[in-house]
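Student: I should like a close look at a single part of this model. Please take the strands and a helix of one chain, and then place them in the wider assembly.

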Amino acid sequence: MTKKKERLFDRTLLRLVQEARPIRWWLALSVLLCGVIIACAVAGPELLGGLVDRLYAWDGQPGLGKSLEPGLLVLLGIYVAQGLVTYGNQYLLNNVVSRFFTWRLRIRISDKLQRVPISYLDKTPAGEIIDRLSEDVGTMGMTIHGIIEILFTGFLQIAIITLFMFLSDWRLALAVVAFMPLSLLLSARLATKSEKYWNDMFNIGGDLYAMAEENVTNFSAMKAFNLEAHINERMAQINQKHNDVRQKGDFLGSIVQPVITFTNALCYIVIALLGGWLVLQKLLPVGTVVTVILFARQFSTPLERIAGGLSQLQQAKAAARRVFDLLDLDEEAPLSGSVPRPVTGEIRFEDVNFRYVKENPLIQNLSIHVKPGQNVAIVGPTGAGKTTIVNLLMRFYDVDSGRITIDGQDVSVCSRDDTRSLFGMVLQDTWLFEGSVAENVAYGKPDATREQIQAACRHAYCDRFIRTLPQGYDTKISEDSTNISSGQKQLLTIARALLADRRLLILDEATSNVDTRTEILIQKAMDRLMKDRTCFIIAHRLSTIVDADLILVLRDGRIVEQGTHKALLAQKGFYYELYQSQYAI
Amino acid sequence: MKKLLRFLLPYKKQIALATLFMLISVVCNLTLPTIMSRILDQGVYGSAGSYAQIVRSCLWMLALAGLSLGAVLAGYYFATRITAFFTRDLRNAMFQKINEMSFEQVGKLGTAALVTRMTHDAGTLAWAAGLLCGSIVIIPLMFLGGTLLCMQKDFYLSLIMLATVPLVLGLVLILSKKLASLWEISDKYFDVQNGLMRERIRGIRVIRAFSREPREHERIYAAITEMTGHMIRANVTMELIAPIATVLMNLAVLGIVRFGAVRLERGAGLSAGDIFAVIQYVSIVLSSLISAMWAIIMLPHARVAARRISEITETETTPEACDESVQFSGEITLEHVSFRYEGADAAALEDISLHIPAGSRVAVIGGTGSGKSTLVSLLLAFRRPTEGTVRFDGVDAAEYSGSTIRRNVSCALQRPMLYAGTIADNIRMGDLSASDAQVAEAAEIAQLSGLISRREKGLGHVLTPSGGNISGGQKQRVSIARAIVKQAPIYIFDDSFSALDFLTEKALRTALNERIRGRTQLIISQRVTTAMRSDRIFVLDQGRLVGAGTHRELLESCPIYREIYASQTGGGAA
């Protein structure tokens, strides 16, 4: 939470104005419409006042009602015009401004996510991003078109009324205008104060969202340890914080209007006192005082609206700041190079260094040479950096120094999509989206026919169980599906990789959720999958990698041993120790 | 909707105070125009030389305005307090209720729905409550006050004003129906949008691996477009109301002037000042009417949120009392236990009978879908068997509450579920009274010292929600440490070592066996090597118990076990 002083006019506001550039002509039109509305708003009471004056001045002659009719008709026209233009302006503001800021910002957030580095998504809770997409943009959408209308009409109205007042009597007008800065200053102060609380509220709201999500996903852990009361307490604490800032923000926001009403009453009193005195001194005709009083009364509405608009503006800014922070994230630089096709699959790591966080070097001076078609297994204790190698190969993360080449081409100048399109990948963490089984399997090859999909599933040994599902291949599944087990989910991701049919293959604990008997069955399919392809296999179960052409033994980000299974066992080093340990628990 | 009103009950006094203060300010606001016109009458249209009267009236006005300001500030103070407290209580009640629910209930509602209700829906309701708090008192008062004052001036003229009210209300009712359906659709797509985004962030690696970001973007694009379209149509519909109502009321004003002139001519005891006053009251009534319309229109929106929230708060749950006096020895017996998930065709577990003596080390081994995790659910009383009996020390588990059983069973779950907070906080969740030394010891046994020593803050290293900033193996070890720090006669490790390499697993298991010696230890695994040194191994296959015995016995007698063993060791190198 920022400690810096909140200001009304700051970079966020400037940014909002800049963002609105593409719709500036529509906004200009809206200003025009606002002008018409104001003209009606000023003319209406003027005419009505004139008619009422005639009631006061009635001398008892008949035909009073009839004589009013032309005026009433004009008024009717003005009222209807005002209604139509008001609606037209709202229609415009909603369809242009509101759509621009909500629809377009949401699309831009979604679009932005295509290019932010994975490192950002790895360290940011999903709830936090969703909160910005839905709640923050929602707040902007709800407030922004109102603000524009309120500020436009408000200031216009004030300007026109001020002008008319000065035309009536400069002394009284001056007295009224003297009060205006007081009202505006007061409401601006209150608004900026409330912004601090709105900021806090949005931030804590993000925490609340993340915690609610965490709590529901960790439901069984909470039950297992009888932690209901403890978790309730945690939630209640953050809820209380949210409550505190919300109340303060709400209160400050809501008192703006009454404060304005009060200063306005003061203004009224001053006119009455000053005007009354001037009239008594015969310095001013009575009618002028009436006119100024009527104008002064019209002052209160735009002032209240401006004050309300300012406090909404603070809310919108607090939300906008979080949205712009997301939109301004550094993006992955677009690259256009590509690895020449056909690809043979020779991969080199040359003196690669990498760290996730500054103070913890992970991969150090790593050099690997993989010949085309080789099956390379990467083994090593937890935290040795095995998955990091996948992150670098797939270019989810960029190397700090050194380089990775495919067929001699340095990949760091190639487009990421190009590099990734060479790889098939199966991860321990299975991911299925909400859609049919067939759609999920065809994810890597969207144009696959049903026959191809079924063939891939047969090879991955999931055809049988898919057929037992209620709608077979068209059964809807998702991440949270309970109708298929985690092992079955993994089989589907294997089928997905089989169908994608890429030159290079990464299997990161690809069969960890599959039981070993099924694994033997899949192994044949895997063997076919791996044949003639360059493969990287990460596995805890060393039995699954004994046939690898090359085993790299990783420890603390360095390769400590490499060779075939036989050679490494004969070496009686770290690998031997690892291998033996599986039978010694 | 009504059911949620009970959350306002504790604030009866504050509501009364808020109402009182609002009332004072309304009365002041209704009186102000009268004084204003008196000043006009006295000072301007009235006789000259009454400057003292003007001053007196001005002082009156000052006093009234001041009183009104004070009252309104106090009123808003209480109103915003009530709104904030109402929201807080509602959220807390939801949190508590969800935490009390059974697994079936949570499963039925779904993660996404629960989260939306706790956050977005509660927010909507808070906003509606804020709106109501400010207006529920003021609106009717302004309306009634304005109407009465108007009638007092001239009954017939006030009829003209009142004639517009049913027109306006009818319009609002028609539009609010249309709005409700528009909002319902936009709310639905709101959920879709969030669901897609959650899915996308979770699957980012697979999506990027297959370069399918454009497709994911398109899917969200479609949902956002659907949602925005309906929302804007709803807004535009809503914006119809104020201009139409204003025009109607202004027509009434015109009518009043015209008809007022007629009454004036007929000499109905009416003055021009009265007509002027009536026109003023019309604007008061109009503004109260428009505010009332907002409230009416927001109602369907709030009602949807309220309905969704009360689905949670009104769910029947039975809080489980934990009987601290029940102390298990660690003996577990299953007698012909079967379990079938609701709506499933096949039983997840079928006719399982087994005996685990107190203090023994047993393993359950089996492949995917063999029913291992269901067995754990039954032992933790997450779910109860559909047939047969689970017994602890010979006593039917049905006689104990779930939390009583879980007090006696410590479990590292298959999916390590971590919370935002320090590593120490997460471990301490196993036993909230554990000392720092005990936490450190558990971390040591779980082989976390390596991880901890590499972090600057050690055990105080702060995890992001769900432990997003550490690896899968590290999460698993924190989860194991949490199970270790809890003192219980029974320990279950549900596939807890799967993400650990063998060296780490070996070191961990050695330290663990030392630590919980004499307690019942149940290891659920797919790995034979993890299971083979147990006192007794149970082999599950497709929900049935197909073998029980020691490693040697099973190699002799159980073909499935032999098959698993062969598949994992490449044929028997040991």
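Tutor: Domain bounds here come from an automatic or database domain assignment. The model is a predicted one. For chain A, that assignment gives domain 1 (11–327), domain 2 (335–422 + 504–514 + 533–585) and domain 3 (425–501). The centres of domain 1 of chain A and domain 2 of chain A, taken over C-alpha atoms, are separated by 59 Å.

The part for close inspection lies in chain B, beginning with strand β6 (residues 409–412) of chain B. From this strand Val409(B) and Cys411(B) point one way, whereas Ser410(B) and Ala412(B) point the other way. All of these residues are buried. The partner of β6(B) is strand β9 (residues 490–494) of chain B, and the two pair in the parallel sense over four bridges. Within this pairing, Ile492(B) of β9(B) stands opposite Cys411(B), a residue already described as buried.

Helix α19 (residues 559–569) of chain B offers a second view of burial in this chain: its buried residues are Tyr561(B), Ile564(B), Tyr565(B), Ser567(B) and Gln568(B). These residues lie on the same side of α19(B) because they cover an arc of only 165° around the axis.

As for the wider assembly, 132 residues of chain B are in contact with 130 residues of chain A. Helix α8 (residues 228–280) of chain A supplies the largest share of the side of chain A that touches chain B, namely 25 residues. Sorted by class, that side of chain A has 70 nonpolar, 41 polar and 19 charged residues.

Technical notes: Residues numbered from 1 in each chain as written. Chains lettered and ligands numbered in written order. Predicted model: local features only at pLDDT ≥ 70, side-chain atom pairs only at ≥ 80, totals over all residues. Contact = placed C-beta atoms within 7 Å. Nonpolar A, V, L, I, M, F, W, Y, C, P; charged D, E, K, R; others polar. Buried ≥ 20, exposed ≤ 12 C-beta atoms within 10 Å, placed from the backbone. Arc of directions from axis to C-beta. Pairing = 2+ DSSP bridges.
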